[in-house]
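Subject: Structure handover

Hi,

Here is the structure I promised you. Please open it and keep it on screen while you read my notes below.

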Amino acid sequence: MLSHLRFFKSSFIITLLGLAAAYALGGPKAMFIAAILSVLEVSLSFDNAVVNATVLKDMDAVWRKRFMTWGMLIAVFGMRVIFPVLIVAVIAQLSPWAALTMAIQQPEQYAATLTSSHIIVAGFGGAFLMLVFLKFFFDQNKEVHWLPIIESPLVKMGKMGGIEIGLCLVIVYFISTQLAHHSQLDFILAAITGIITYIIVDGFGALLGGEENHGQTAVVRTGFSAFMYLEVLDASFSFDGVIGAFALSNNIFIIAIGLGIGAMFVRSLTIMFVEKGTLDQFRYLEHGAFYAIGALAFIMFIGTFHEIHEVVTGLVGAGFIIISLIASLRYQKNH
């Protein structure tokens, strides 16, 4: 147990500092809201930690360290503070500084403006996560199947080049037909941007390094490209969480503290999974995480025309993780 707790040392320190800062900003109520947001962030992003670990275990050690340091700063301040401000600036046609001023002085108006971007955010994030989900199950090299009746045919279908992109486009079009006419184009353009972003990030290593697989080229491909992939993945996970956080507080600093604490624990979980070889110990945990990502993508899409509570999202993701853990333990017992 103590060997596991060492991975969370920095997270506990950040938690204490963050809760103290929240108390200074708004007293016991603010501290309580920050604590609730941190718990929600961890519950919604547990599958993100598993997927991060699948990428990090093959990443160059230098870039792995950079992801855990620079990536942490980008995740907390970039995706959970700066990026929402930029979204509001674009939507309200303001300068970034004016948008930040609005967030501080007119939090209700800021929250309303940011929430109005939900369809665009869901289109981008949902499409990106959908491709992450489909790519895993259409992978021709995938040998371990948790649910063979579903996964074996998908692997065979993966021989059709680009099938995941085609399927994602079909899903995007179907969802767009459920939206109000004035929202359809915004959703489709956002989803296409998400698809293009996935294609670029997923193939960025090849663009940098060609087909070589040795020396510095290999380090760049498994380092920088993987770093960018994980950052966009984290952004896709965090978008809905940031918007949903305004249901509890309009204070962007309280939200940043709460989500930042949660993000720290997700990073600690990721490190533990990599160093402890958790994915190798639990055969189907990775599968459960990708099923959870697929569910989150569908929930983001459906959420554009039908409200779905964040608790449902968290329970669905946690359900896949728990069931995959049970299946993994059963496999260990039988083998």
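Start with a contact you can find by hand. E164 and K135 join their side chains in a salt bridge, with 3.8 Å from N to O. E164 belongs to helix α8 (residues 163–176) and K135 to helix α6 (residues 118–137), so this pair ties together parts that are 29 residues apart in sequence. The two partners sit in unlike surroundings. E164 is buried, because its relative accessible area is 10% and the cut-off for buried is under 20%. K135 has 36% relative accessibility, so it counts as partly exposed.

One point before going on: this is a predicted model. Please keep that in mind for every value here.

How many salt bridges does a search of the whole structure find? It finds two. You have just met one of them, between E164 and K135. The other salt bridge joins the side chains of K142 and E151, at 2.6 Å from N to O. Here K142 is buried, and E151 is buried as well.

**Helix α12**

Now turn to helix α12. It covers residues 252–275, which makes 24 residues. From the first C-alpha to the last, α12 reaches 34 Å. That is close to the 34 Å expected at 1.5 Å a residue.

Is α12 mostly covered or mostly open? It is mostly covered, with 21 of its 24 residues buried.

Look at both ends of α12 too. At its start, N251 offers a side-chain oxygen. That oxygen comes to within 2.9 Å of the backbone nitrogen of F253. After α12 comes G277, which has a positive phi, near 60 degrees.

E275 is one of the residues in α12. It is exposed, because its relative accessible area is 52% and exposed means over 50%. For a distance to try yourself, pick the C-alpha atoms of E275 and V144. They are separated by 22 Å, and the two residues are 131 apart along the chain.

**Helix α3 and the loop after it**

Which helix packs with α12 at an angle of about 155 degrees? It is helix α3 (residues 61–91), and the two axes are 10 Å apart. Over 145 degrees counts as roughly antiparallel. α3 and α12 are therefore roughly antiparallel to each other. Their crossing is right-handed.

V90 is located in helix α3. With a relative accessible area of 64%, V90 is exposed. Compare its position with that of I271. V90 and I271 are 181 residues apart in sequence, and their C-alpha atoms are 36 Å apart in space.

Move on to the loop between α3 and α4 (96–105), where you will find Q93. Its phi is positive, near 55 degrees, and Q93 is not a glycine. Why does that deserve a look? Most residues other than glycine have a negative phi. Q93 is also exposed, with a relative accessible area of 74%.

**Helix α2**

Last, look at helix α2 (residues 9–56). Its axis and that of helix α14 (residues 285–302) come within 9 Å. The two axes cross at roughly 125 degrees. α2 and α14 are therefore oblique to each other. The crossing of this pair is left-handed.

Two residues of α2 are good places to stop. A49 lies in this helix. Is A49 buried or exposed? A49 is buried, with a relative accessible area of 0%. Its C-alpha atom is 8.6 Å from that of I271, although A49 and I271 are 222 residues apart along the chain.

L37 also has its place in helix α2. At 2% relative accessibility, L37 counts as buried. What separates the C-alpha atoms of L37 and I261? The separation is 8.5 Å, for residues 224 apart along the chain.

To practise, begin with the two salt bridges. Then follow α12 from N251 at its start to G277, which comes after it. Finish with the helix pairs: α3 with α12, then α2 with α14.

Best wishes

Definitions and conventions. Residues numbered from 1 in each chain as written. Predicted model: local features only at pLDDT ≥ 70, side-chain atom pairs only at ≥ 80, totals over all residues. Heavy atoms only, no water. Helix = DSSP H or I, 4+ residues; strand = E, 2+ residues; numbered from the N terminus. Expected span 1.5 Å × (residues − 1). Buried < 20%, exposed > 50% of the residue type's maximum accessible area, 1.4 Å probe, protein only. Polar contact = N/O pair within 3.5 Å; in protein donor to acceptor, adjacent residues only side chain to side chain. Salt bridge = Lys/Arg side-chain N within 4 Å of Asp/Glu carboxyl O. Axes fitted to C-alpha atoms, helices over the stretch in contact; angles between N-to-C directions. Parallel < 35°, antiparallel > 145°, perpendicular 65-115°, else oblique. Left-handed = near helix turned anticlockwise from the far one by under 90°.
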